[in-house]
Amino acid sequence: MKYPMCEEVHETQSATPNFQTELAAQLAELMPEVIADGKVDVEKLKELLGGDATDTTERFGLFWPGKKRALRAAQEPTTATLRPDFENSKDWDTTKNVFIEGDNLEVLKILQKHYHAKIKMIYIDPPYNTGKDFVYPDNYKEGLDTYLEWTRQVNEEGKKLSTNAETEGRYHSNWLNMMYPRLKLARNLLTQDGVIFISIDDHEVAQLRRLGDEIFGESAFLGQIVWKKKTNGNNMGSIPPVHDYILAYARTSLAIPDIGYKVSAEELGKGYSNPDNDARGPWKTMDLSANHEGPYFRITNPITGDSHFPPEGRYWVFSEDEVKTRIADGRIIFGKSGNARPVQKVFLGRKAEGKKRAESWWDKHGMNSDATDEIRQLFGQAKVFSHPKPTQLISHLVEISTEKNSVVLDFFSGSGTTAHATMLVNAKDGGCRTHIQVQLPEPVQEKDEAYKAGYRTISGLARKRIELAASKIIEDSAVELGQRETPLDVGFRAYRLMDTNFSKWKQSSDIELNQLEQHMLDLRESSSADDSSADDLLAEILLKQGNSLVERIAPIEVSGLVLHSVRDGLVLAYLNEHVKPTLEQLRAVTNEDPERLIFLEDAFQGDDQLKTNLAQLCKSKGIELWTA
C-alpha cells in the first residue's frame, strides 16, 4: 500500500515527542474554549468540568519534594538516540530481541515513537532503596560516555560514589523522583490489555502502591503478590523478612488483562469424580451463594421438604426459575447424601480451556538460592551477580500474562533474567515472544567475582548471561526445538544510548542560538558527526520516524549509488554526504518504487534544484520523501 502523495519534503524530527505540548493539543481538540493565547485556561477547564473538578486545596494523594520536577523529567523531549552495537550482538540479521545499554529514562522516551501501546508485559526489579542501592537524579546532558559521571554514580576512576542512605535526607523522595517519570513513560508502552509487574520489598512497598495507584489508577490495580524468596530470615529485625512483593497493574481499568495460566488435564481434574455416573462426566460441588447482592428466596428440598436460605450476608447466584431447572436436571443437589444444603455441580468438561487464576501467595516459583545456583551453573563462578531473581519466577509471570507472540520489556534488566525466562517459556510452549532489555552500564566493583572474571559492567555481564542461557536452552531442549515451526530466537540486537549523531540537532538542543549564529554554524558544520557511520545515522532516523529496532536492513546498489534497503525495499535511504547523486541516479532510485525515500540533507551539497527535482519525482510516483 502506498503512502499518500505529499506536497512537500518531510523533515525528520530531532527530538522525541513533547508530552506536555501533546497533552495541551489533545485538550484543545476536546475543549477548544480552554485554550487562551496558546495556554490552558485552568479556571475555564474547572468550569467546564463542573462537579468533576475539586474545589479545595486539600486533597488525598501522594506528595513529596521534587514531584513536579520528576514529572517534567518524563515530559521533556530528548535528542538522544540508540547506536547499533554489532560487536556485542548475537544473530543481528535474524533476531527480534533487543538489548539496550543506557539510562532507562532516556531509553523509555526513545521507545515511545514506535513501541507506544505495543508491549504486552513489563517486568522490573528496580532498586529497593535499602540504603545501599544507588538512586540517581536525572541529569542527562551529554552522551553515554559521560552520563555516569554527570549523575555522580562514578568518579573518573569508575568507582561508585553515591547511594541513598537514610541519613542523607529525602530518603523516600529520592527514590520516588527516580521511579515516577519512568513509570509514567512505561505506562504509555503497554497494550490496552497490558500488565506491569514490579518487584519490591518492605522499604518502599507502601510508596510504590500509592505511586502505582496515581499513575495507573486504583481500579487498574490487579493485586499484590507475596513471593517467598528464602526460608530463613536470620536475625534481621523483630520479624525476619523471608518474602518480597510483586505489584501488578493493568494499563487501564477499561481493559483488565486475563491473568492466569493453562494447566494439564491431570492437574485440572484434581478433585473431580463421578460417583453417580452422570452422563455429563466428572464433577465437583461448589457453593450456590455469593457475597455480592443477588436473588434471595427459599429453596425447598423436593425429597425431604427442608427449606434453605442463603447464609447471612449472602445471596443465591441463580434466579428462582433457574434453580428449579437445575434441581430438575440434577445440576443442583442437596449434598451427596441428599439431605444437606443445596450446592451446584461443576463439570470438568465445562471448564474454560483449563485456565487457572494466579493467586497472591507464591512459594513454589523459585527462591533467591535457586537464582544464585542458575548463575553459578551458567558462569561456573561462585557469585558473579548479587540478588538475581530466579527464572522460575519470571517465567511464571510471562506464562500468566502473555500470548505466544507478545513483546516483553524489562528496563531494570540487571543480569538479564527476564530475557532468559522469556526464552525458556518460548522453548516450552513453542512461542515467539520477543524481549527488550534495558540496563545501565553500572561498573562492576573490583572486589566482585564478576570483575575477577573479566566483566567490567553489569550490562556486559547480562549480555553474556543471555548468550550462555541460550546455549543451555538449545542443549536441553534439542528434541522439542526440532519440532518447532519457526526457529527459537535466542539472539539479540545490542544498542548503546548516545547523543544524537547529528551535529545540528545537538547544537540546537544544548544552547540557545539566535538565527544568525545558527546559520553560521550550519554553514561551518556538516549535519552529521564525524564519527557516525551510515548505520548509526540510519538507526537514529528510523527510530525518530517511528520504526522498530529490529527492522530488516540490507545494502542495495542502484545506478552506482549505495543505499540501505529497509523492510525489503519499502524504505530506501541514501546517507552518503560525500557523494552527490546525479538527477539520472535519483530517477533510477525512484524507479525502485519504494514507499518512502530518506535522504541525508548534506548529500545534496547545497544544490536546492537537485532537491526540488527529487521532490517532484517522488510526488509523481506517490513516494514520501524525508530528509535528516
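Select Lys-228 and His-243: His-243, in strand E9, is the bridge partner of Lys-228. This is a predicted model, in which local features need pLDDT of at least 70, side-chain atom pairs count only at pLDDT 80 or more, and totals for chains, interfaces and linings use all residues. Residues are numbered from 1 along each chain as its sequence is written, and side-chain values use heavy atoms, with hydrogens and water left out.

**The E8–E9 pair**

Now widen the selection to strand E8 (residues 221-228) and strand E9 (residues 243-250). They pair in the antiparallel sense, over seven bridges. Strands (E, at least two residues) and helices (H or I, at least four) are DSSP runs, numbered from the N terminus. Two strands pair if DSSP finds at least two bridges between them.

Next, go to the loop between E8 and E9 and pick Gly-233. Is Gly-233 buried or exposed? Its relative accessibility is 5%, so Gly-233 counts as buried. Buried means under 20% relative accessible area, exposed over 50%, and partly exposed in between (1.4 Å probe, protein chains only). Show the neighbours of Gly-233: leaving out residues up to four places away in sequence, it touches Pro-240, Pro-241 and Val-242. Contact here means heavy atoms within 4.5 Å. From Gly-233 to His-243 the C-alpha to C-alpha distance is 9.0 Å, with their positions 10 residues apart in sequence.

**The sheet around it**

Zoom out to the open sheet of 10 strands. Its order is E4-E22-E5-E21-E20-E6-E7-E9-E8-E19, and the pairing is mixed. Which strands stand at the edges? Strand E4 (81-84) and strand E19 (361-362) do; each has a single partner strand, so one side of each is left without a neighbour in the sheet.

**Helix H11, then H12**

Select helix H11 (residues 391-401). H11 lies across strand E6 (119-124), strand E7 (190-200), E8, E9 and E19, and runs at about 155 degrees to E6. Axes are lines fitted to C-alpha atoms, for helices over the stretch in contact, and angles run from 0 to 180 degrees between N-to-C directions.

Add helix H12 (residues 417-429). The axes of H11 and H12 come within 8 Å and cross at roughly 60 degrees. H11 and H12 are therefore oblique to each other. Angles under 35 degrees count as roughly parallel, over 145 as roughly antiparallel, 65 to 115 as roughly perpendicular, and the rest as oblique.

Colour the contact residues. On H11 they are Thr-391, Ile-394, Ser-395, Val-398 and Glu-399. On H12 they are Thr-417, Thr-418, His-420, Ala-421, Thr-422, Leu-424, Val-425 and Lys-428.

**H12 against H14**

Bring in helix H14 (residues 458-476). Its axis and that of H12 come within 9 Å and cross at roughly 20 degrees. That makes H12 roughly parallel to H14. H12 contributes Thr-417, Ala-419, His-420, Met-423, Leu-424 and Ala-427 to the contact. H14 contributes Arg-465, Ile-466, Ala-469, Ala-470 and Ile-473.

**Last stop: E27**

Jump to strand E27 (residues 624-627). Glu-624 and Trp-626 point one way, Leu-625 and Thr-627 the other way, and all are buried. Which strands pair with E27? Strand E26 (residues 596-599) pairs with E27 in the parallel sense over four bridges. There, Ile-598 stands opposite Trp-626. Strand E1 (residues 10-11) also runs parallel to E27, joined by two bridges. Finish on Glu-11, whose bridge partner in E27 is Thr-627.
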